[in-house]
Amino acid sequence: MNETAPPLNVVGEGFARTDAVPKTTGTATYTVDVSFPGMLHAKVLRSPHAHARLTAIDATAARAMPGVHAVITRDQLEGLNPTYGYFIKDQPIVAIDKVRYIGDAVAAVAAETERQAVEALEKIVVEYEVLPTVAAIESAMADTAPELFEEEPMGVVPAYGQGASGARRLGINNCYRFSYETGNAGAFEGCDHVFEDRFLFSRDQHFHLEPFVSVARMEGETIDVWSSCQNPFPLRKELARVFNHPENMIRVQVPYIGAGYGAKNNCKTEPIAILLAKLSRRPVRFCMTMEENFLTQSQHAAILNVKTGVMADGTFVARSGHIWLDSGAYSDASPLVAEKAGYRLPGPYKWKHLDIHCDCILTNTTPAGPYRGFGGTQASWASESQIDIIARSLGRDPLDLRLQNLKDLGEAYVPGESGVDSDLRAGLNLVADRIGYSDRQSGDGRGMGLSVGFKDAGGVNKPAQARIRITTNGGIYLHCGTVEIGQGVQTAMSQIVAELLNAPLDRVSYPALNTDYTPFDQGTNASSAIVVMAMAVQQATLKAKQKVMEFAAGQLDCSVEEIELDDWSIRKGNESHPLPIMIMRYYGGTGYEFTGEGFFKPDIDHSAPLETQCVSWEFGWGAAEVEVDRDTGLVNLKQLVVSGDAGQAINPLVCRGQDEGSAIMGLTGALFPCMIYDGPILMNGNGLDYRVPLATDIPDGFVSILQEQGHGPGPFGAKSLGEGCMLPVASAIANAIEDAIGVRIRELPLTPERVLAAIDDAQSP
């Protein structure tokens with residue numbers, strides 16, 4: 001069920017998605033569809049051991065197999081910078097000295113068919129020296145734990161601002177720590193009550209339907225790569241470093257992406273495909289299977305210790321916390337996730353003191369990276385669960401306690417940071433009213449819970465560029481690096497351009513992304529497109545429009561203020577002057593293109609903890625009603641109400657789709673089995689055993705309410721949206737379970753076994 005709050009002057013309301021027809025008719029091109037004559041297929045040999053030294057490898061027999069044109073082992077990495085990562089360059093193209101998890105890449109083959117490639121892999125002889133493993137956070141931090149990296153990999157710690165800091169290798173297998181502190185460290189001493197709780201967060205898989213895939217070929221000395229990638233420009237930069245290749249000789253092209261949810265960032269399939277293409281001088285396609293997806297990227301499991309001091313009247317005073325993220329075998333984007341988890345743990349509440357640390361711990365498991373709402377999912381689970389614990393201990397209603405302590409509209413999140421751009425109380429009251437919270441009857445197996453999900457959005461110090469071209473006959477080309485990953489961004493950006501130029505939407509084209517001519521963007525992530533890239537698009541459009549208006553004013557011998565642009569005609573008073581005639585008359589038969597360039601980046605601000613103020617804040621308000629069977633532990637979700645604030649919705653249908661999709665991802669982490677490990681062995685790493693919600697699992701009482709509060713910084717008042725509504729789901733359901741049966745569950749997912757265990761613990765003397 002969908003509900004929309006009364007809209008403002010919604011831009012493009014009622015427009016269908018511009019990518020609807022190709023995607024529903026099957027004509028849309030994804031990277032898996034890219035093909036060339038003579039194209040080879042790559043397959044990877046993966047480690048059967050979680051931790052082992054690579055003592056010898058012989059691929060002689062594999063190279064002699066039918067159809068094989070290239071084989072990669074560590075011997076082919078000479079002359080390269082063969083490791084990659086975000087802050088820390090620790091993951092090799094294929095194993096060099098050791099393998100560090102089951103599934104680690106050891107060798108790769110390019111053959112004329114996938115079958116031939118697999119048969120060749122079986123001929124590769126590898127000798128291992130098996131080493132002790134650490135498959136969980138606590139065992140990886142033990143003094144006796146084996147180190148995954150005996151020598152420190154190359155890496156950096158970025159600059160931080162007021163109150164924030166970062167550090168590397170602070171202990172065994174601790175690859176990074178982010179810290180944030182502000183206020184008076186003695187604040188806890190004056191508190192009437194201090195609560196200390198420990199929460200466990202499970203590991204999920206992104207489960208994007210399109211696998212990790214890339215196609216690479218060599219055009220002379222130019223590396224051409226088609227990639228299912230969310231950040232093509234940083235990818236190009238990293239590939240240039242890895243291959244010691246001029247950046248201008250690497251061309252990354254991105255067709256439609258079949259979802260990513262954060263997983264499709266930085267190097268995944270690209271280095272192997274490129275190296276095989278270089279060796280074979282043939283195009284190479286490397287497409288992983290669903291099972292290989294599970295061995296490539298996951299969400300971070302986490303342990304979160306949260307300490308909160310409050311006054312007897314419920315006033316929040318101080319919060320400290322220590323978070324440990326399970327980074328898996330390589331650092332990947334763990335430092336970025338640590339920044340967000342640590343920075344978001346306070347939640348959107350008023351505090352006098354904060355002291356937060358977040359550590360990234362390496363284990364012999366699948367590498368972990370960004371996952372929709374990254375850091376916010378872990379932080380919101382612990383923060384919002386503890387808010388209910390505090391409320392019940394103080395004899396307070398959880399809704400009232402939140403309303404008392406939420407930050408006000410415009411209030412700075414922390415010293416030096418930007419102000420909150422949503423009315424938090426209005427959003428919370430909205431979902432509480434919709435679920436019937438004030439009329440609830442708690443206990444006897446039925447209960448309700450609330451939660452406020454929160455994240456800083458728009459990226460950190462993120463630049464974006466855009467270009468608009470308008471042809472003689474009014475055709476509009478929108479060039480920007482934001483990737484369409486299913487979120488509807490091509491539609492929204494095109495609507496902004498059409499609105500500003502007073503043109504029909506179908507006149508706006510969104511050319512395919514190609515790093516050779518598409519303007520730079522840091523990446524499609526962090527809900528940044530509609531507040532960072534959109535401002536660059538807006539600026540570019542207005543500059544192009546200004547050129548058109550100045551040209552027309554000159555032709556009509558009047559001022560710009562006397563004319564209006566009306567569907568590629570100029571209206572002056574009651575007269576309409578078609579622009580194509582004026583352009584052809586002035587520029588001749590070749591015509592002309594009007595262009596505009598746009599750029600946006602938040603200013604560097606050393607008083608801001610992350611060096612720039614947050615561009616937009618993203619919130620998700622959630623309310624859940626459950627019915628719990630005490631005999632089986634089964635949780636029956638009766639109602640789930642979520643709401644996000646779009647500021648002003650560029651396209652309400654797209655916004656609602658994002659809110660609802662993110663809420664269902666939150667439901668996955670709350671009630672459905674996560675990635676299950678037996679030591680370092682992943683037990684359910686496939687599409688059959690890994691369970692996600694089906695349509696039949698969605699309750700009839702699932703409601704999304706799209707708010708348009710109008711306080712956003714983007715075009716027409718738009719603000720970040722798309723991740724917020726997954727953040728409150730797990731804690732709202734856990735809070736509802738306690739409301740129903742009086743037990744608190746501190747570990748995800750909220751399985752029947754854990755519910756029964758909590759009931760047994762509560763009944764134990």
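Two strands count as paired if DSSP finds at least two bridges between them. Helices (H or I, at least four residues) and strands (E, at least two) are DSSP runs, numbered from the N terminus. The model is predicted: local features need pLDDT of at least 70, side-chain atom pairs count only at pLDDT 80 or more, and totals for chains, interfaces and linings use all residues. Residues are numbered from 1 along each chain as its sequence is written, and side-chain values use heavy atoms, with hydrogens and water left out.

**Figure 1. The hairpin of strands β28 and β29.** Strand β28 (residues 569-572) pairs with strand β29 (residues 575-578) in the antiparallel sense, over four bridges. Opposite Arg571 stands Ser576 in β29. Two residues lie between the strands, and Gly573 in the turn has a positive phi of about 65°.

**Figure 2. Helix α5 and its surroundings.** The twelve residues of α5 (residues 232-243) should span 16 Å at 1.5 Å a residue, and the end C-alpha atoms are indeed 16 Å apart; the expected span is 1.5 Å times one less than the number of residues. Nine of the twelve residues are buried, so α5 is largely enclosed by the rest of the structure. Buried means under 20% relative accessible area, exposed over 50%, and partly exposed in between (1.4 Å probe, protein chains only). Among the buried residues are Phe233, Leu235 and Arg236. The elements that cover them include β16 (222-227), β17 (250-254) and α6 (270-280). Asn244, which follows α5, has a positive phi near 50°.

**Figure 3. The aromatic pair of Phe87 and Tyr176.** Rings of Phe, Tyr and Trp (its six-membered ring) pair if their centres lie within 6.5 Å; planes under 30 degrees apart count as stacked, over 60 as edge-to-face and the rest as tilted. By this rule the count is 27 aromatic pairs. Phe87 and Tyr176 are edge-to-face, with 5.8 Å from centre to centre and 65° between the planes. The pair links distant parts of the chain, as Phe87 lies in the loop between β5 and β6 and Tyr176 in strand β13 (residues 174-183), 89 residues apart. Phe87 is buried at 14% relative accessibility, and Tyr176 is buried at 0%.

**Figure 4. The surroundings of Cys655.** A disulfide is a pair of cysteine sulfur atoms within 2.5 Å, and a search of the whole structure finds zero disulfides. The closest cysteine sulfur to that of Cys655 belongs to Cys725, 11 Å away, which is too far for a bond. Cys655 is buried, with 12% relative accessibility.

Technical notes:
Contact = heavy atoms within 4.5 Å.
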